[in-house]
Each structure stands twice: as C-alpha cells, then as structure tokens.
Amino acid sequence: MIREWIRLDQVDSTNRYALERPKDGLLVTAGSQTKGKGSRGRSWYSPAGNLYMTLCLKDINPLHTIITGISVYDALITLVPGHEIIIKWPNDLLLNKKKVCGILCQSRSGFSAIGIGLNINQAFWPEELRETATSIYQETGQKHPALPVMYDILDAIKKWIEIYNNEGFAPVRKAFFTRSLIFGTEVMLEGKKRCRVMDIDMDGHLIVVLEGKTISLAGEKIFIVPQNTGAL
Ligand code: BTN
C-alpha cells in the first residue's frame, strides 16, 4: 500500500503537505505539527511525542473515516488491555471516555488524504484540552515509540480496505458497531436534542431517529449519553 514515505521532523500539517503532492500510496509523517488541522476547521494540538500521519490514496471513499477508525481501534486494543476504547462517530477514538485519536479525511484532485493524530506519549495538555483529551501514556503509564504503532495501524487499514473491496459494506458496518457501542443507544446532538442511533449507511452517515423522524447525520457532532447520568 505504501509507495513513498516522506518523514518530516516538523511540518505545518501532514494533510496539507500530502495534498500538495498527492500520489497513490504516499505516506507523510511528522514528529510535530505547527498548524495541525482538526475537523470542522479546528486545530489539532501537535507537540512532539505523538503520531501525526497522512496516507494518500487514489481512491476516494466516503467510508475512509469509518474504516480508519476501525483500524486504529484494532491497532490500539492490544496496547491498552483492561481500558475502554470506543469509536465515537465519525472521527474520534475515546480511551477511557477521553479523546485519544482524531481522523481527518480530505480529498483533492481525485486523491484522498487520510490524516491520523494519535496521542501516544503526551503528558501535559493546555488548559482547554485537559478535561477532554488523553494519551495512551496518561491512561496506562506506558510510553511507546510512534512507529510500531503506525505500522500496526497501516496493516489494519490495508486489511479493512481489502475486506471492504472483497466483501462489501456489511463487515465494515458490523465492525463499526461492535467498536462504537452506539447501535440502538441514545446520543445527544448540539442543542441538546436526543436521538436514537439506528445504523450507518454506505456514505458513513449516521442514521438516527429524532423526534419520530429518521434522519441521516453527515458529520454533526454527537455526544454519547452514558446511562442517564448526563452527556460526555
Ligand atoms: C479531529 O479533529 O478529530 C481530526 C484531527 C486530525 C489530526 C491529524 S494529525 C495528522 C493529520 N494532519 C493534520 O493536519 N491533521 C491530521
């Protein structure tokens, strides 16, 4: 899957860098980012010690975010035994209910850039992230070099893309629901409206029932509602 690997000590954003020179199988990694991009125009805090990578693929698939989430989950699960990881649709992974990974899929000129930021060895956060972000190190006390984790993520992405190509959407849908734990549960939308999760579709949209109507969410933020105790 990887045809060229550009390793940078520091860059503004690995997604921006990859999309300037898109190529099938291009991998861009950086030790840190000065203008890491998050979803919905936000920034991604990117000091040294974590994983910042972008994989460029020829194929644009609306399911890339879902497939990548499943893949990061599979790579992480062996590193955090006894801890809870869930995929929070559409692009977050939560470790013990705090955000440990963000995925940003972008496209340009027929190529997609799958960006992954994974907090591995982060020990301190700026005030505004302290309540919501975490790292593998903070949750487990174990430090890890980023590259072996990245190789596991890449192996898993390759595996899940092959599964999708050979067997279609059904196994991806099933894998997403077993790793996200939100099938059939209530989630909250911005504005505090509650809805019930029914499915995901082949575009990666979340199908929910809101006030008796079935609607599809394309990328809206959802809040997981843990057992009537409030929203996460
Ligand atoms: C999110 O907001 O959850 C998505 C964050 C994605 C961050 C990664 S870090 C590597 C890649 N380069 C970027 O500029 N962003 C993504």
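**Core packing, helices α4 and α5, and the β8–β12 sheet**

Leu93 touches Gly69, Val72, Tyr73, Ile85, Ile86, Ile87, Lys98, Lys99, Val100, Cys101 and Ile103, with residues up to four places away in sequence not counted. The model analysed here is predicted. Leu93 is also among the residues with the most contacts inside the largest nonpolar core, together with Trp89, Leu118, Ile153 and Leu206. This core has 56 residues, and helix α4 (residues 146-167) gives the most to it, with nine residues. A second, separate core has nine residues, including Tyr17, Leu26, Val28 and Phe111.

Helix α4 consists of 22 residues, which should span 32 Å at 1.5 Å a residue; the end C-alpha atoms are 31 Å apart, in agreement with this value. Its buried residues are Val149, Met150, Ile153, Leu154, Ala156, Ile157, Trp160, Ile161, Ile163 and Tyr164. The elements that cover these residues include β1 (4-11), β2, β3 (51-57), α2, β7 (111-118) and α5. After α4 comes Gly168, with a positive phi near 85 degrees.

Helix α5 (residues 169-180) has 12 residues and reaches 16 Å from its first C-alpha to its last, close to the 16 Å expected at 1.5 Å a residue. In α5, the buried residues are Phe169, Val172, Ala175, Phe176, Phe177, Arg179 and Ser180. Their cover includes α2 (64-77), β4 (85-88), α4 and β9 (194-200). Leu181, just after α5, takes a positive phi of about 55 degrees.

The axes of α4 and α5 are 7 Å apart, and the two helices pack at an angle of about 135 degrees. The pair is therefore oblique. On the α4 side, Trp160, Ile163, Tyr164 and Glu167 take part in the contact; on the α5 side, they meet Phe169, Pro171, Val172, Ala175 and Arg179. Trp160, Ile163 and Tyr164 are among the buried residues of α4, and Phe169, Val172, Ala175 and Arg179 are among those of α5.

Five strands form an open sheet in the order β11-β10-β9-β8-β12, with antiparallel pairing. β11 (213-217) and β12 (222-224) stand at the edges; each has a single partner strand, so one side of each is left without a neighbour in the sheet. On average, and with direction ignored, neighbouring strands of this sheet are turned by 45 degrees against each other. Within the sheet, β8 (residues 186-189) pairs with β9 in the antiparallel sense over three bridges, and Val187 stands opposite Cys195 in β9. Strand β10 (residues 206-210) runs antiparallel to β11 and is joined to β11 by five bridges. Val208 has Ile215 in β11 as its bridge partner. β10 and β11 form a hairpin with two residues between them, and Glu211 in the turn has a positive phi of about 50 degrees.

Gly25 lies in the loop between α1 (14-20) and β2 (26-33). Because its relative accessibility is 0%, Gly25 counts as buried. Gly25 and Met1 are separated by 24 residues in sequence, while their C-alpha atoms are 5.5 Å apart in space. With neighbours within four places in sequence left aside, Gly25 is in contact with Met1, Ile2, Arg3, Glu4, Cys56 and Leu57.

Technical notes:
Residues numbered from 1 in each chain as written. Predicted model: local features only at pLDDT ≥ 70, side-chain atom pairs only at ≥ 80, totals over all residues. Heavy atoms only, no water. Core = buried A, V, L, I, M, F, W, Y, C linked by side-chain atoms within 4.5 Å. Buried < 20%, exposed > 50% of the residue type's maximum accessible area, 1.4 Å probe, protein only. Helix = DSSP H or I, 4+ residues; strand = E, 2+ residues; numbered from the N terminus. Contact = heavy atoms within 4.5 Å. Expected span 1.5 Å × (residues − 1). Pairing = 2+ DSSP bridges. Axes fitted to C-alpha atoms, helices over the stretch in contact; angles between N-to-C directions. Parallel < 35°, antiparallel > 145°, perpendicular 65-115°, else oblique.
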